[in-house]
Amino acid sequence: MEKLLAAVDARFEENLQALEDFIRIPSVSSPTFDQSTLDESAAWVAARLEEAGLKPTVSRGKNPDGTPGRPAVTASLPAAPGKPTVLLYAHHDVQPGGDPATWSHAGGPFEPERRNGRLYGRGSADDGAGLLAHIGALKALNDVYGTEHGVGIRVFIEGEEESGSPSFEDFLATNREELSADVIVVADSANWKTDVPALTTTLRGVVDCEVELRVAGGAMHSGMYGGPILDAVTLMARLIATLHDEQGNVAVPGLVAKEDSDVDYTEAELREATGLVEGYQLAGTGTLAARIWTKPAISVIGLDATSVANASNTIAPVCRAAISMRVAPGQDTQAAMDALTDHLVSHAPFGAQVTVKPGDQGAAFDASACAGKAGEVKRWALEQAFGKEPVNTGIGGSIPFISTFSEVYPDAEILVTGVEDPYSKAHSEDESVDIESLRKVIGAEVLFLARLGGLV
């Protein structure tokens, strides 16, 4: 153990500089951005895996329409007889950087900066830190035992997680045997606090839709017809208001909601992490952890209406809204979509015409059964590296491909881990990773691999 952790320390600055280099690659997978940057980030990943003693391959799956997906990087090292095989997952694509002026350092989203014990930059936490957790652990394992350590290693670094992983299922089907493993470690989640490690045991799913509300075939003069005819924007507001009750709970009937949580998430912690305006009252009832992790949530994420700049005295005949609903673990996503659709159509105000166009669905996941051998070993490794017992936490966001992993490899034990913390601000300006947490996560992963392989 001491030699492995010393090996992590010896290479830590090297790995930290590698993460800084990764941040400089604007590998945004959104199709409106330059997709050649993903080739650059895939090549970066391949080079780092070569340094870790593996022989990587860059390849692509197919999207549902038959077009090529974004580049993914795979690599493997066979297991010695009687040793387990572990699949290490992360992703090399990132979210758009947003307005550089909203970042607190002059370099902006794609220029790294170390400050107050944190490393800032787009992809620093999501998921560059996950990448470096795997790479750093593999290097440390090799430094102590060489590449003949016997633990089977398979690596899958995808390039489109931030765009919904459209080619994931095809890629997994094509490479099913090459990626099969006894244990799957997904490094795309978070710890409870910077100094308290966690295993993510629940993930909410997601469904979304486009809602159109129409009152007429065209715009009308608001002076001549206003009064008996309400505009579509006002009616859309009334329709959206039916999605929550007076306390802010989701009011769509028939949805799964659970109160399960192993930790106490305080309002002070939530306010500090989110920067809520003073006086804002939190919505919903029950524990905060449940409201974020194991209960449904609905957000209006887009609205098509006449802009203020183009406003005229007319009654808007139509309004469209994009609605996203996070669903609790244990919820069937199609049933959730049906419930949301039925609610919207049945609550059409004043007889307006409401149509719902279903969108994407992502399954929830319940990994609370992380009580197998690998889960026990991972908890032991986290406690050794952090000096504190790990806790079980949920994630309010969705990682739908984890359910795909469980369907394709039903006998594999799936562990969801990560390096993020409540202050990482993934997907937002000033994304960052706690540097010392990253060191401990790398240490925990190398101890996990070594213990699982019977080396320590």
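This passage describes the overall dimensions of a predicted protein model and the arrangement of one of its sheets.

The model is predicted, with local features requiring pLDDT of at least 70 and side-chain atom pairs counted only at pLDDT 80 or more, while totals for chains, interfaces and linings use all residues. Residues are numbered from 1 along each chain as its sequence is written, and side-chain values use heavy atoms, with hydrogens and water left out.

The protein comprises 13 helices and 18 strands, both taken as DSSP runs numbered from the N terminus (helices: H or I, at least four residues; strands: E, at least two). Its C-alpha atoms fill a box of roughly 85 × 45 × 45 Å along the principal axes. The radius of gyration is 24 Å, which agrees with the value near 23 Å for a compact globule of 456 residues; the radius is taken over C-alpha atoms, and the globule rule is 2.2 Å times the number of residues to the power 0.38. Of the 456 residues, 51% are buried (under 20% relative accessible area; exposed is over 50% and partly exposed in between, with a 1.4 Å probe and protein chains only). The exposed area amounts to about 19,700 Å², of which carbon and sulfur atoms supply 49%, as computed by the Shrake-Rupley method with a 1.4 Å probe. Among contacts (heavy atoms within 4.5 Å) with a separation of 6 or more, 80% involve residues 24 or more positions apart.

An open sheet is formed by 3 strands in the order β15-β8-β16, with mixed pairing; two strands pair if DSSP finds at least two bridges between them. Strands β15 (365-366) and β16 (391-395) stand at the edges with a single partner strand each, so one side of each lacks a neighbour in the sheet. Helix α11 (residues 373-386) packs on this sheet and touches β8 and β16, its direction making about 135° with that of β8. Axes are lines fitted to C-alpha atoms, for helices over the stretch in contact, and angles run from 0 to 180 degrees between N-to-C directions.

Strand β8 (residues 198-203) pairs with β16 in the parallel sense over 5 bridges. Within this pairing, Leu 199 lies opposite Asn 392, and Thr 200 lies opposite Thr 393. Strands β8 and β15 run antiparallel and are joined by 2 bridges, with Thr 202 opposite Asp 366. Because 6 of the 6 residues of β8 are buried, this strand is largely enclosed by the rest of the structure.
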